[in-house]
Amino acid sequence: MDFRRGISNLTIQRQEAIVNGCAQGRTLLELGKQFNISESGISKLLQIWIDQGGVPKVPKSGRPRSTSRFFDRNVLRLSRVNPRLTAVDIARELCDPQNPLFVLSVVGFKQLD
C-alpha cells in the first residue's frame, strides 16, 4: 500500500475528519487506509491536536525572495531567447545601466509581455 509520509499536506477539514473519526472509535489503521496516511502520521496528528488544541495552518518560515517576479520573468525570457547565455551574461544584460529595460525598471515602469 502506498502511504504518504507525514501530515503536512492535510487540509484543516481532513484533519478534523481524522480527529472526529478517532473520537467515534475508529482505529488508526482504518483512518490511515481511508486518508492514505501511515498509522504513525495519524498518531502524530492526534498528539499535536491534543497538545495544541488543533493544528492551525501557519505559513512556514523561509528565506525571503531576493529578486522580484518581474526580474525572474526577464531572466527566464533572456535564457529562452538565447540558451547559451551564462548567468554572468544574463546578470550583466539585466543590470546594465545602458539597457533600456533596466532604466525603465529603476524609474518604476513595468514591461508588458
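Start your tour of this predicted model by selecting residues 12-23, which form helix H1. H1 has twelve residues, and the path from its first C-alpha to its last covers 16 Å, close to the 16 Å expected at 1.5 Å a residue.

**Stop 1: the two sides of H1**

Keep H1 on screen and show the side chains of Gln15, Ile18 and Val19, together with Gly21; these four residues are buried. Why do they sit on the same side of H1? Around the helix axis they cover an arc of only 160°, and that puts them on one and the same side. Now turn to the other side of H1 and pick out Gln13 and Ala23, which are exposed.

What covers the buried residues of H1? Select residues 28-35 and 39-52: the cover includes these two helices, H2 and H3. On your way there, pause at Gly25, just after H1, where phi is positive at about 100°.

**Stop 2: helix H2**

With H2 selected, highlight Leu31, Gly32 and Phe35, the buried residues of this helix. Look down the axis of H2: these residues fall within an arc of 100°, so they line one face of the helix. Show H1 and H3 as well, since the buried residues of H2 pack against both of these helices. Then step to Asn36, which follows H2 and has a positive phi, near 60°.

**Stop 3: where H1 meets H3**

Two packed helices are described by the angle between their axes and the distance between the axes. For H1 and H3, the angle is about 90° and the axes lie 10 Å apart. Angles of 65 to 115 degrees count as roughly perpendicular, and H1 and H3 are therefore roughly perpendicular to each other.

Which residues make the contact? From H1, select Gln15, Glu16, Ile18, Val19 and Cys22; from H3, add Ile42, Leu45, Leu46 and Trp49. Colour them by type and you will find seven nonpolar residues, one polar and one charged. Some of these names should be familiar: Gln15, Ile18 and Val19 are also among the buried residues of H1.

**Stop 4: the whole protein**

Finally, zoom out and colour by secondary structure. The protein has six helices and zero strands, so to speak an α-α-α-α-α-α run from the N terminus on. How many of the 113 residues count as buried? The share is 19%. Among contacts with a separation of 6 or more, 49% come from residues 24 or more positions apart.

Technical notes: Residues numbered from 1 in each chain as written. Predicted model: local features only at pLDDT ≥ 70, side-chain atom pairs only at ≥ 80, totals over all residues. Heavy atoms only, no water. Expected span 1.5 Å × (residues − 1). Buried < 20%, exposed > 50% of the residue type's maximum accessible area, 1.4 Å probe, protein only. Arc of directions from axis to C-beta. Contact = heavy atoms within 4.5 Å. Axes fitted to C-alpha atoms, helices over the stretch in contact; angles between N-to-C directions. Parallel < 35°, antiparallel > 145°, perpendicular 65-115°, else oblique. Nonpolar A, V, L, I, M, F, W, Y, C, P; charged D, E, K, R; others polar.
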